[in-house]
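Grab a coffee and work through these short exercises. Try each one yourself before reading the solution.

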Amino acid sequence: MGSLQNQKLENGSTGTIKPLDPEEFRRQGHMVIDFLADYYKNVEKYPVRSQVEPGYLAKRMPDSAPYDPEPIEQILSDVQKDIVPGITHWQSPNYYAYFPSSGSIAGFMGEMLSTGFNVVGFNWMSSPAATELESIVMDWLGKMLKLPSEFLFSGGGGGVLQGTTCEAILCTVVAARDQMLKKIGRENINKLVVYGSDQTHSALQKAAQIAGINPSNFRAVATTKADAFGLRAEAFRATVESDLKSGLVPLFLCATIGTTSSTAVDPLGPLCDVAEEYGIWVHVDAAYAGSACICPEYRHFLDGVEKAHSFSFNAHKWFLTTLDCCCLWVKDPGALVKALSTYPEYLRNKASETKQVVDYKDWQITLSRRFRSLKLWMVLRSYGVANLRKFLRSHIKMARNFEGLIGMEKRFEVVVPRNFATVCFRISPAEFAGNHQIVSSEDAANNLNAKLLETINESGKIYMTHAVVGGVYVMRFAVGASLTENRHVILAWKVVQEHANALLTSS
Ligand SMILES: *Cc1c(COP(=O)(O)O)cnc(C)c1O
C-alpha cells in the first residue's frame, strides 16, 4: 500500500517533476526531432492549406487541462492526430502563399540553442553574449547588404533584432515623433503627418495609430500601374506641400522595397531627396525583398538607402531563419533610445552606467527579449554568403520559369513585372471577352480569377493567395519555401491549368 502511494507521489502531480532532467530532456528531445524529421519527409502528403472548419479543435479537445500528467508519447500522437490537420503547411514545397517562412536546419538549431539557454537578454549584463553577438551579426549582415557604414555600429549607427516589421516600424515612428516634438513642442502632436503609398504594408498605419498620430494625418499616396505601383517622388512632394500649406508637419515616410501585394519597389533615391528637403524621417521597409539584396545583381534596389534614416528586413521571411527575426538598422541609435529607454532601480548596473555597452531593451518596445541572434548567426555561418545567394537565386529562377510557363499560354497574363521570386498573374480578360460573356469586364475577370484561386486552394495541391492591385485581382505565386524545387513549380502550373480548364468549360 505504502509503496503504491509513493509511486503515485513520484509520478503524479504532487511529486517532484524535474522539469529539466537532462536525461529525460535528451529522450524527449530526440523524439521531437524524429517527429519533425518525419513531418518534413511527409509534408507533401498533406493538403497545403488546412481544410478544417472553424472550431474544429474544441470538438477534439477536453474541456479543461489534465489534472494528472500525460506522457510525451500520447501528446505527440495527439499533435499528429489533432494539430497537424489544422496546420497550413508553410514548409510544404507546394506552398506559394503570402510570403515564404523559409525554415532551415541552421535556423532551427539556433532557435533550439536560444530556447535551451532561455536567457532574457534585456541589457548587456543579463547575458553579455546575447547583446554582443547581436551587434556583431547585425554588422555582418549590414555589410552583406552593403548598407552605408553609418548604419553599422562600426560607423556610429547600429542594428537590433526586433520580432517583426510591425515593431520595427513602430519603434522608428516613435523615435522620429519624439525627435520632432522636441523641436516643435509636444502640444503639436496632432500636426504630425505620416506618409506611405497605397501599397505600403498596414504595419505603417498600425504604427501611426499606436504612436498617437492623428488618424486624419495618415497619407497613403496613390500609385498607378504605369509606375509599376511604386511611389512617385513627385506625388510624394505634392502631398507634402499640400500638408505644409495646411499648417501640418511632415514627419515620416515609409518607403517599400518589395511591396506585399506585388513586390513593387519605391524609388528610394528620389524619395529620400524630397524627404531631405523637408526634414522627413525615411524608413525603408524591405521585409521580403531585402534578402535578395545580398546578391550583387539585386543590390541596386537599395540605391538611395544612404539618405534614409532606418532600414529593416525580415530574416524570417526569405532568409532561412525561423520566425521571428526582423533586422532593423538605424543611423542614429540615440533617437531610438531617447524615445524608448527607461532605467528603473532594479535594472541599474555598472556596465550600463559606464555607457560602454548596448542595452537593447532601449531599442525596442518590450523589456524581455529572446536571444535571436544565435539563429541568425547559425544561418550565416552554416550557409555562408555563397549558399544564401544560391538559395535566393534558385527561387528567383524558379519564379522566372513559372513566368515563362504563363507566357506560353495566351489565356493567362503576368499582371505586373516580376522583380523577385513572386509572380502576379491571372486569366486575362481579353482572351475571354465575348466568349459566352464569361468575362465581359474587369469585374467579371476579377470574379473568375477569385473563383479559380479558391478551387485551386480547396484542392490542397498547392496554396497561393491573392492581391488586388489597381483594381485588378491577381493570384500571387510566391516561390520561397525551402523545400520547393523546379519540379514543384511545373506541377503547380499544371494544377493551375487543370483548374482553369475545368472552370472555363463549366461556366
Ligand atoms: C510581411 C511584410 C510586413 C510585415 O511583417 P511582420 O514581420 O509580420 O510585421 C511589412 N512590410 C512588408 C513589405 C511585408 O512584406
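**Exercise 1.** Is Phe313 buried or exposed? Keep in mind that you're looking at a predicted model.

Solution. Start with the number: Phe313 has a relative accessible area of 0%. The cut-off for buried is under 20%, so Phe313 is buried. Next, look for a ring partner: Phe313 pairs with Phe319, with 5.4 Å centre to centre and 90 degrees between the planes. Planes over 60 degrees apart count as edge-to-face, and that's the label this pair gets. Phe319 is buried too, again with a relative accessible area of 0%.

**Exercise 2.** Work out how the rings of Phe402 and Trp493 are arranged, and where they sit in the chain.

Solution. The ring centres are 5.5 Å apart and the planes meet at 85 degrees, so this pair is edge-to-face. Now place them: Phe402 belongs to helix α14 and Trp493 to helix α17, so the pair links parts of the chain 91 residues apart. Both Phe402 and Trp493 are buried. Finally, zoom out: ring pairs join these two with Tyr96, Phe412, Phe425 and Phe477 in a cluster.

**Exercise 3.** Find out which residues offer polar atoms to the ligand's oxygens.

Solution. Begin with the backbone: a polar atom of Thr165 is 2.9 Å from a ligand oxygen, and a backbone N or O atom of Cys166 also lies 2.9 Å from one. Then check side chains: His316 brings a polar atom to 3.4 Å from a ligand oxygen. As for cover, the protein hides 87% of the 390 Å² of accessible area the ligand has on its own. Last, count the shell: 13 residues surround the ligand, split by class into 3 nonpolar, 8 polar and 2 charged.

Terms used: Residues are numbered from 1 along each chain as its sequence is written. This is a predicted model: local features need pLDDT of at least 70, side-chain atom pairs count only at pLDDT 80 or more; totals for chains, interfaces and linings use all residues. Side-chain values use heavy atoms; hydrogens and water are left out. A residue is near a molecule or strand if one of its heavy atoms lies within 4 Å of it. A polar contact is a pair of N or O atoms within 3.5 Å; within protein, one must be able to donate a hydrogen and the other to accept it, and residues adjacent in sequence count only if both atoms are side-chain atoms. Accessible areas come from the Shrake-Rupley method with a 1.4 Å probe; for residues, only the protein chains shown count as cover. Ala, Val, Leu, Ile, Met, Phe, Trp, Tyr, Cys and Pro count as nonpolar, Asp, Glu, Lys and Arg as charged, and the others, Gly among them, as polar. Rings of Phe, Tyr and Trp (its six-membered ring) pair if their centres lie within 6.5 Å; planes under 30 degrees apart count as stacked, over 60 as edge-to-face and the rest as tilted. Buried means under 20% relative accessible area, exposed over 50%, partly exposed in between (1.4 Å probe, protein chains only). Helices (H or I, at least four residues) and strands (E, at least two) are DSSP runs, numbered from the N terminus.
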